[in-house]
Structures are given as C-alpha cells and as structure tokens.
Amino acid sequence: MARICTLSEAIEENVRDGDSIAMEGFTHLIPYAAGHEIIRQDRKELFLIRMTPDLIYDQLIGVGAARGMKFSWGGNPGVGSLHRFRDAVENQWPRPLEIEEHSHAAMANAYEAGAANLPFAMLRGYNGADLAKVNPNIKSITCPFTGEVLAAVPSIRPDVSIIHAQRADRKGNVLIEGISGVQKEAVLAAKRSIVTVEEIVDELNPPSPNAVVLPTWAVSSVVHVPGGAFPSYAHGYYPRSNAFYIAWDKIARDRESFTAWVKEHVRDGKPEDFARHVGKRSAKAA
Amino acid sequence: MSIEFTPTEMMTIAAARALTNDDVCFVGIGAPSAACNVARLTHAPDITLIYESGTIGTKPDVLPLSIGDGELCDTALCTVSVPEMFRYWLQGGRITTGFLGGAQIDRFANLNTTVVGDYDKPKVRLPGGGGAPEIASNCGQIYITMALNKRGFVNHLDFITSMGHGEGGDHRARLGMKTKGPTRVITDLCIFEPDPATKELTVVSIHPGVSRATIEENCGWPVRFAETVAETPVPTTTEISVLRDINARTKKAHEAA
C-alpha cells in the first residue's frame, strides 16, 4: 500500500544520497515540485536517469546534486541548449558529470526490461551510430534462432523513480492520462517510487478501462501537489508553459542568474507554490 | 504575378511537397514538423503524422514547441506509450518516412546532433540523438531538411549520431540494413538526392533565384550537380498562406501563458 504523505516526507523517506533516480514524464507530467524538494533537502551524489533531462535535471545538475546522468536527448525542447548540462559537460561546473548516453529507443526498451525484471533489453538499433563506440554499455547479442545481431543495453533498475500523475484515490491507486511516456515502466522498474498528483479523489473513475492505473501496492508514496508538473503540463488540468521554457534559456545561460533563480524559486520556495499554476487555462482549451 | 517569399519559406514548402497522402511519417521537431503540417494542410490531408511522444495520427492546429505538447495528444487518433512507439510502430516497420533535421550533415547524409569536437572533451555539447538513430535505420526512407551553410554542411563529422549512407555505396546493405536511408535533403537553396551508385548527395533542383555559385559557397564539400538540374517551382499562394497562418498561430500560442 502506498503511503499518502507530504512531499517533504516522501523525499525524506525514499531518496537517499548516492541513489540512482529516474524522474520521468515525456514532456508531459514532469515531476518538477519533487525535483525542487530534492534540492531543498540537499541530496548529493545522485545518478540521474531520464530520457530527456529537460529543465528538471538542468536544475539538479546546476546545483551540483548529480554525480552522473543516463539520458538520450539533452536539450530544451524547441528552444535550444540545456545550459547547466552543457556547462557541466564542457567546463565541469559546478562539478564533473559522468554521462551514459543512449538513444530514445534503447532507453525505452531498457525501462521496459527493468519493469519486466529482465537484466537487459535488446533492439534493432544503433546501426552505424557512433554512440556504440563511446558507451561501453551498448553491446550486441546474436539471436539464437536467426543469427541476427541485435543491440543490447542493461535494463534500468533505479533505486527510486518519481512521476507526476493526474489523480489518485484515497487508497493511493494512481491514474495517468494523455502522453504516458515511460512512467509506468519507470515505477515498476524501481525499488521505491513516489507519485505526485494533481488531485486526491474518493473514486478514481477511470474514463476508460484502458487508462493507465498503477495499483497502490505498486507505489511507495503518493503526494498531493497541485501544479506539481509546471512548467510541463498535466493533460486536462493545465497546459505546458512554452513561455517558461523559452524564458529558461536566459535564466540558465548564466551561472549567477541561475543560482539567483534557484534561491528565490526553489530554496526559498515550498511545494504549495506550484498550486498557482493550476487553472489559468485548461489544457484542452489551449 | 510573382509572390515574395523567404528562403526558409521555400525550404519548408519544398520539404512539404516531398510528402504524399499515403505516407505514415515520423516527425522530427522544428523544421520537419512545419513541413509535415503544411503538407497535411495542403496536398496531403490524410497523411498520418506520428511524433515520438506516442501520438499517432495527430492534426495539430498550432506547431508544437516540444515533441510532446498537449496539442499533439488532443488531436491524435490515439496515444501509445513511448516503449510501444519505438518497439511496435518504428522497429515494427510500420513507418514509411522519417523526417529529420540536424545540426551537421556530411556528403553521405550522415547526421551529427551530439558533439562538436572530441566526445569526452567536447567544444560544443549538442543535445544528442533522441529518437534519430533508430528513426534513421527503421523508417522506410528518410527526408532531411536543414538550411545550407558551412556550419551545417561539413566535410567531416566529428560524430555520427545517425547513419545516412555511411561511407557511401552499399554501406547500409553491408550493415544488414534493409531500409533506403536518406532519399532527399531539402535546404533553403536547393534539393539534394543521393547518387544512385555512390550515394553522394547531388543537387537535383535549385530554388528560384539561387545560383550554383551560392550553393557551392555555402557547402563544406565540393558540390556535385546532377546532369539535369531542375528549378524548384515557386511557392503557390495557397502554400504560402497556409505556412504563414500556421506560423502566426504558433507564435501567438507559444507566447501565451
């Protein structure tokens, strides 16, 4: 059974220094409020896992919380660079960042293999691509039936996975709608998991029997954090703030302005601050 | 009557024309996304557009800033998980055409979006491959669109993020790849297609008002021209107005909130 608790308690109980941590959400439902709480609790030496590091990991890298990162596309979508990620890789600021780089297909397969309790994933991938030359975790395997050589990568088994979802019921069962990315796989692949949600309701009432539901016994902690995915979005609740993603380019380009932003909006902030992003416009009307 | 248009508009429209109503197209963000939606709003209304966030058969009213904007899910026929997208639909061989952009390209249409300089000590760290390495190998064919300049069209790539025709000739076949790879590269000055035998990119069509010398000055390798080079037809009033309308709607939407 998931424990329904505060964000501070959930991070305190589930995220430890040195953990491998996956905070997923493919553009949609990115758990920003949880990322901020990790910074406030000053977690260190984390190994970050995420297909698209996005602004959430730009923030964790910029404050020096990460020793390494496994990823497949490290940009600000539609805008340009993740400047804190670039500064860490190009100039080792504020500390060196060990990187393990894959393709999206390999990361998606590796999460699925982790959820399936398998040691590795295979795919028809990386043909002629140089990533296989620089990442020792990209190997190959020969099909025992046809002789075809396929790419193989280790499955992803995070110490802890964190996702954001639309709602949970009072028992802690979780509903996810819209672009569901790799969130279900990330939770099922992890030892521990936290789900932040827009709403906690009496009855989940899934709109379709095929809506993604994570049963309460598959999740460690459920936390009510309205707006917790801002500046990404929660389908049916609020739209992606493309304006904030565009503004981040200037905030993060410079070390001082980034640090000042983190002080004002993260270190001096609290989870409840995210609620003000809800309901400005409905996602569907956007 | 002549219509005024910019080189970027010509590029997007020439790229849109490459697509047909029957295509199932895996759409890259940015310039490819604009081209694919102009095709859908002009000559290819039934084209199936797929974005790697899992949205299948999407019909966005404004261009998405990210690959997973809510607009894509709201207007899609269905939305699947990301593992399903890459495993069943892309690796499963269901996609006829992948449409990619890139930071750098070489004469065999290999793309680099990973690093400039050494991988371990990069001069410039770019975002990386994302879906591109497997889009490039698992789609039936690949179109690429990017502006022609010496920064992008380089003689040597520091890193091959996604393979086009590798070292040229039958390199793809030698690696066991059964798909065609890049069949057209649409720029703001001209259109390239790979030579049938050597697979070196060759200019097959030049946009109106552009000289061969301008193309040569903006390309990082000695440019080959096909025996017969066409002139790209100018944009029609419909193509231009559809493109400008969607760009205007997009700008307004992205500046809000």
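In this predicted model, A:Gly62 sits in helix α3 of chain A, which covers residues 54-62. With 25 C-beta neighbours inside 10 Å, A:Gly62 counts as buried. Leaving aside residues up to four places away in sequence, A:Gly62 touches A:Arg84, A:Ala252 and A:Phe258. Going from A:Gly62 to A:Gly75 takes 13 residues in sequence, and the two lie 14 Å apart in space, C-alpha to C-alpha.

What about the rest of α3(A)? Here 9 of the 9 residues are buried, so the helix is largely enclosed by the rest of the structure. The buried residues of α3(A) include A:Asp54, A:Asp58 and A:Gln59, along with A:Leu55, A:Ile56, A:Tyr57, A:Leu60 and A:Ile61. Following α3(A) comes A:Gly64, with a positive phi near 85°.

Chain B has a mostly covered helix too: in α1(B), residues 7-17, 9 of the 11 residues are buried. Among them are B:Glu9, B:Met10, B:Ile13 and B:Arg17. The cover over the buried residues of α1(B) includes two helices of chain B, α2 (31-41) and α8 (237-255), plus the strands β10 (141-145), β11 (182-186) and β12 (190-194).

Back in chain A, there's a helix pair to look at. The axes of α2(A), residues 32-40, and α9(A), residues 255-267, come within 10 Å and cross at roughly 105°. That makes α2(A) roughly perpendicular to α9(A). On the α2(A) side the contact is made by A:His36, A:Ile39 and A:Arg40, and on the α9(A) side by A:Val262, A:Val266 and A:Arg267. Sorted by class, this contact has 3 nonpolar, 1 polar and 2 charged residues.

Now for the domains. The domain assignment splits chain A into domain 1 (3-99 + 157-165 + 178-196 + 214-277) and domain 2 (104-154). Their centres, taken over C-alpha atoms, are 26 Å apart. Where they meet, domain 1 of chain A gives 9 residues and domain 2 of chain A gives 7. The domain 1 side of that contact has 6 nonpolar, 1 polar and 2 charged residues.

Next, a sheet in chain A. Three strands form an open sheet in the order β8-β10-β9, with antiparallel pairing. At its edges are β8 (120-123) and β9 (139-142) of chain A, each pairing on one side only. The twist averages 40° from one strand to the next. β8(A) pairs with β10(A), residues 149-154, over 4 bridges, and A:Met122 stands opposite A:Ala152 in β10(A). Helix α5(A) lies across β8 and β10 of chain A, running at about 140° to β8(A).

Chain B has an open sheet of 10 strands, in the order β4-β3-β2-β1-β5-β10-β11-β12-β13-β14, and the pairing is mixed. Which strands stand at the edges? They are β4 (78-79) and β14 (224-231) of chain B, each with a single partner strand, so one side of each is left without a neighbour in the sheet. β4(B) is joined to β3(B), residues 55-56, by 2 bridges, and these two strands run antiparallel. There, B:Thr55 stands opposite B:Thr79 in β4(B).

The two sheets, side by side:

| Sheet | Strand order | Pairing |
|---|---|---|
| Chain A, 3 strands | β8-β10-β9 | antiparallel |
| Chain B, 10 strands | β4-β3-β2-β1-β5-β10-β11-β12-β13-β14 | mixed |

That leaves the interface between the chains. It puts 51 residues of chain A in contact with 46 residues of chain B. On the chain A side, the elements giving two or more residues are α4 (83-91), α5 (104-115), α6 (131-134), α7 (183-189) and α8 (242-253). Which of them gives the largest share? That is α5(A), with 6 residues, the helix that also lies across β8 and β10 of chain A. By class, the side of chain A that touches chain B divides into 21 nonpolar, 18 polar and 12 charged residues.

For a close-up of the contact between chains, take A:Glu90, which is found in helix α4 of chain A. A:Glu90 touches B:Pro122 and B:Arg125, again not counting residues up to four places away in sequence. Is A:Glu90 buried, exposed or partly exposed? With 16 other C-beta atoms within 10 Å, A:Glu90 is partly exposed, whereas A:Gly62, with 25 such neighbours, counts as buried.

Key:
Residues numbered from 1 in each chain as written. Chains lettered and ligands numbered in written order. Predicted model: local features only at pLDDT ≥ 70, side-chain atom pairs only at ≥ 80, totals over all residues. Nonpolar A, V, L, I, M, F, W, Y, C, P; charged D, E, K, R; others polar. Pairing = 2+ DSSP bridges. Axes fitted to C-alpha atoms, helices over the stretch in contact; angles between N-to-C directions. Parallel < 35°, antiparallel > 145°, perpendicular 65-115°, else oblique. Buried ≥ 20, exposed ≤ 12 C-beta atoms within 10 Å, placed from the backbone. Domains from an automatic or database assignment.
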